Amino acid sequence: MIEPLDISHVQLRDRPLIVCDIDEVVLEFISPFTAFLRANNHDLLPRSFRLHGNIVSLLDGSEPGDDAIAAFQESFFGSQDLWQTPAERALETLEALSEDADVVFLTAMPPRHQTVRRTLLDRLGFAFPMIATEEPKGPVVAQLHGNRTLPVVFLDDIQRNLLSVREHVPDCFLVTMMANADFRAFAPPPAEGIVSANDWDDAAKLIRKHIGRMA
């Protein structure tokens, strides 16, 4: 059984809740990670909706193994503040939405990197509380939302995270969104109960319609 996380730093008010993934939703990931790989003699090719099998050496075209890819990711997250930039219109859209709802970031990232990420988010103006965990996201959103009857929204680019939240918070409004258009083209079709947004303007319209209907 997964132990509840310490989320005491997240203080929700009596209003709707928007829980938002970070990589490829709030911050660009694919493009900065590609730049990072190229600086390390590798490249990321948009051939399918995954990292493994799409990273290749610029020296000989070989594909690195799982351990090498894990090492690349570890190094990238350790220096993410040097590479990552905001997704287009993420900041202004979330600031506008936060006038009517609480916004919480839920990132699937090793907690050991959360200080670097928190510093980066603050520098970019994303002053919303953040939870970093490698545990399934469904139980975390359920812990956040509790027994509240207010609207709850979850945005993510990975379908397994959306399905996890659907399982644990059945009344949650689920939105899939990905900043990188090249890899977005390979994303699986949204499962039942998940709506797709092309960008933050689109997501804001969907969220406001849901919150307005549920209020």
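How does the radius of gyration of the protein sit beside that of a compact globule with 215 residues? The legends below start there and then move in to single residues.

**Figure 1. The whole protein, shown as a predicted model.** A compact globule with 215 residues would have a radius of gyration near 17 Å, and the protein has 17 Å, which agrees. Along the principal axes, the C-alpha trace spans about 55 × 35 × 35 Å. As you follow the chain, you will meet eight helices and eight strands. Of the 215 residues, 47% count as buried. Taking contacts between residues at least 6 apart in sequence, 67% join residues at least 24 apart.

**Figure 2. The surface and the charges of the protein.** The accessible surface comes to about 10,600 Å², and carbon and sulfur atoms account for 51% of that area. The protein carries 19 positive and 32 negative charges, and the mean positions of these two groups are 4 Å apart.

**Figure 3. Phe-29 and Phe-76, one aromatic pair in the protein.** The count of aromatic pairs comes to 11. Here the ring centres of Phe-29 and Phe-76 are 5.5 Å apart and the planes meet at 85°, so this pair is edge-to-face; planes over 60 degrees apart count that way. The two partners come from distant parts of the chain, 47 residues apart: Phe-29 is in the loop between strand S1 (17-20) and helix H1 (30-39), while Phe-76 belongs to helix H2 (residues 66-78). Both Phe-29 and Phe-76 are buried.

**Figure 4. Phe-36 and Phe-72, a pair between two helices.** This aromatic pair is also edge-to-face, with 6.4 Å from centre to centre and 85° between the planes. Phe-36 sits in helix H1 and Phe-72 in helix H2, 36 residues apart, so the pair links distant parts of the chain. Phe-36 has a relative accessible area of 4% and is buried. Phe-72, at 13%, is buried as well. Step back a little and you can find one aromatic cluster formed by Phe-29, Phe-33, Phe-36, Phe-72, Phe-76, Phe-77 and Trp-83.

**Figure 5. Leu-51 and the residues it touches.** Look for Leu-51 in the loop between strand S2 (42-44) and strand S3 (55-57). With a relative accessibility of 16%, Leu-51 counts as buried. Setting aside neighbours within four places in sequence, Leu-51 is in contact with Phe-29, Phe-33, Leu-44 and Gln-73. Two of these contacts, Phe-29 and Phe-33, are also members of the aromatic cluster. The C-alpha atom of Val-175, 124 residues away along the chain, is separated from that of Leu-51 by 22 Å.

**Figure 6. Glu-24 and Arg-89, two residues with a positive phi.** Most residues other than glycine have a negative phi. Glu-24, however, has a phi near 70°, and Arg-89 has one near 65°. Glu-24 lies in the loop between S1 and H1, and its relative accessibility of 2% makes it buried. Arg-89 is in the loop between H2 and helix H3 (90-97), where a relative accessibility of 37% makes it partly exposed.

**Figure 7. Gly-146, a loop residue.** Gly-146 is found between helix H5 (137-145) and strand S6 (152-156). It counts as partly exposed, at 42% relative accessibility. Thr-34 is 112 residues from Gly-146 along the chain, and their C-alpha atoms are separated by 38 Å.

Conventions
Residues numbered from 1 in each chain as written. Predicted model: local features only at pLDDT ≥ 70, side-chain atom pairs only at ≥ 80, totals over all residues. Heavy atoms only, no water. Phe/Tyr/Trp six-rings, centres within 6.5 Å; stacked < 30°, edge-to-face > 60°. Helix = DSSP H or I, 4+ residues; strand = E, 2+ residues; numbered from the N terminus. Buried < 20%, exposed > 50% of the residue type's maximum accessible area, 1.4 Å probe, protein only. Rg over C-alpha atoms; globule rule 2.2 N^0.38 Å. Contact = heavy atoms within 4.5 Å. Areas by Shrake-Rupley, 256 points an atom, 1.4 Å probe, with all protein chains shown as cover. Lys, Arg positive; Asp, Glu negative; His and termini not counted. Charge placed at Lys NZ, Arg CZ, Asp CG, Glu CD.
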